[in-house]
Amino acid sequence: MVMIEDNKDNRQKSDEILKAKKRAMLILQHNDRTEWELTDKLNKAGFSEEAVESAVEYVRSFHYIDDERYAKRFVEIYHESRSIKRMKQDLYKRHIADEYIELALENIDYDDSTALRRQIEKLGIDADMLASLSYEESQKIIAKLYRKGFSLGSIKDVLSELKEEI
């Protein structure tokens, strides 16, 4: 009787592990995820710790999740539209290791001016408009850009460059 129950428990564990692997593959089918994000989603789906670990190891063995590759790709995509500080925060939020973040950021120029110009354009501000802004209005724009992670010096430099283009 004990042997039958052991077989039943083993079969249930195997079934749960298989379901967790299938769920992991389904999750990764739509978006690239970090190891932490995938683990979190599987835990929230109610899988046991053993099933989650097995599923994560399974997809890792096929390189379907790779936090280093994820960080590099993230930086490639967002380096022209986000500040360095913002990209670091976003990657930290996804539990990417510091070493992978630094490796990813090595490949880009640490100049935020392109991303900053893009954010200014996104706000609908051009050189002519900058010249006509009041002090309070320009301070609001500077504050908005600062909250997006750009340094005060970079913001003032780019705004000065834009004003000179008139």
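In the predicted model, the side chains of Glu57 and Arg60 meet in a salt bridge, with an N to O distance of 2.4 Å. Both residues belong to helix 3, which spans residues 49-61, and they are three residues apart, about one turn of the helix. Glu57 is partly exposed at a relative accessible area of 42%, and Arg60 is likewise partly exposed, at 29%. The pair does not stand alone, since Glu35 is linked with Glu57 and Arg60 in a network of salt bridges. The structure holds twelve salt bridges.

A salt bridge within a helix is also formed by the side chains of Asp40 and Lys44, at 3.3 Å from N to O. Here the two residues lie in helix 2 (residues 35-44), four residues apart, again about one turn of the helix. Asp40 is partly exposed, with a relative accessibility of 24%, whereas Lys44 is exposed at 67%.

Lys88 and Glu102 form a salt bridge in which the closest N and O atoms are 3.8 Å apart. Lys88 is located in helix 5 (residues 84-93) and Glu102 in helix 6, so this salt bridge ties together parts that are 14 residues apart in sequence. Helix 6 comprises residues 98-106. Both partners count as partly exposed, Lys88 at 25% relative accessibility and Glu102 at 34%. Between Glu102 and Tyr70, the C-alpha to C-alpha distance is 13 Å, with a separation of 32 residues in sequence.

Two surface patches were identified. Lys122, Lys144, Arg147 and Lys148 form a positive patch. Of these residues, Lys122 is placed in helix 7 (residues 113-122) and is exposed, with a relative accessible area of 67%. A nonpolar patch of about 360 Å² is made by Met25, Tyr58, Phe62 and Tyr64. Met25 lies in helix 1, covering residues 2-30. Its relative accessible area of 31% makes Met25 partly exposed; this value satisfies the patch criterion, because patch residues must have over 30% relative accessible area.

Ser138, in helix 9 (residues 135-147), has a relative accessible area of 17%. Ser138 is therefore classed as buried, the limit being under 20%. The side chain of Ser138 reaches the backbone oxygen of Tyr135 at a distance of 2.8 Å.

Notes: Residues are numbered from 1 along each chain as its sequence is written. This is a predicted model: local features need pLDDT of at least 70, side-chain atom pairs count only at pLDDT 80 or more; totals for chains, interfaces and linings use all residues. Side-chain values use heavy atoms; hydrogens and water are left out. Patches are made of residues with over 30% relative accessible area and no salt bridge: like charges are joined within 9 Å, nonpolar side chains (Val, Leu, Ile, Met, Phe, Trp, Tyr) within 5 Å. Accessible areas come from the Shrake-Rupley method with a 1.4 Å probe; for residues, only the protein chains shown count as cover. A salt bridge is a side-chain nitrogen of Lys or Arg within 4 Å of a carboxyl oxygen of Asp or Glu. Lys and Arg count as positive and Asp and Glu as negative; His and the chain ends are not counted. The place of a charge is taken as NZ of Lys, CZ of Arg, CG of Asp or CD of Glu. Buried means under 20% relative accessible area, exposed over 50%, partly exposed in between (1.4 Å probe, protein chains only). A polar contact is a pair of N or O atoms within 3.5 Å; within protein, one must be able to donate a hydrogen and the other to accept it, and residues adjacent in sequence count only if both atoms are side-chain atoms.
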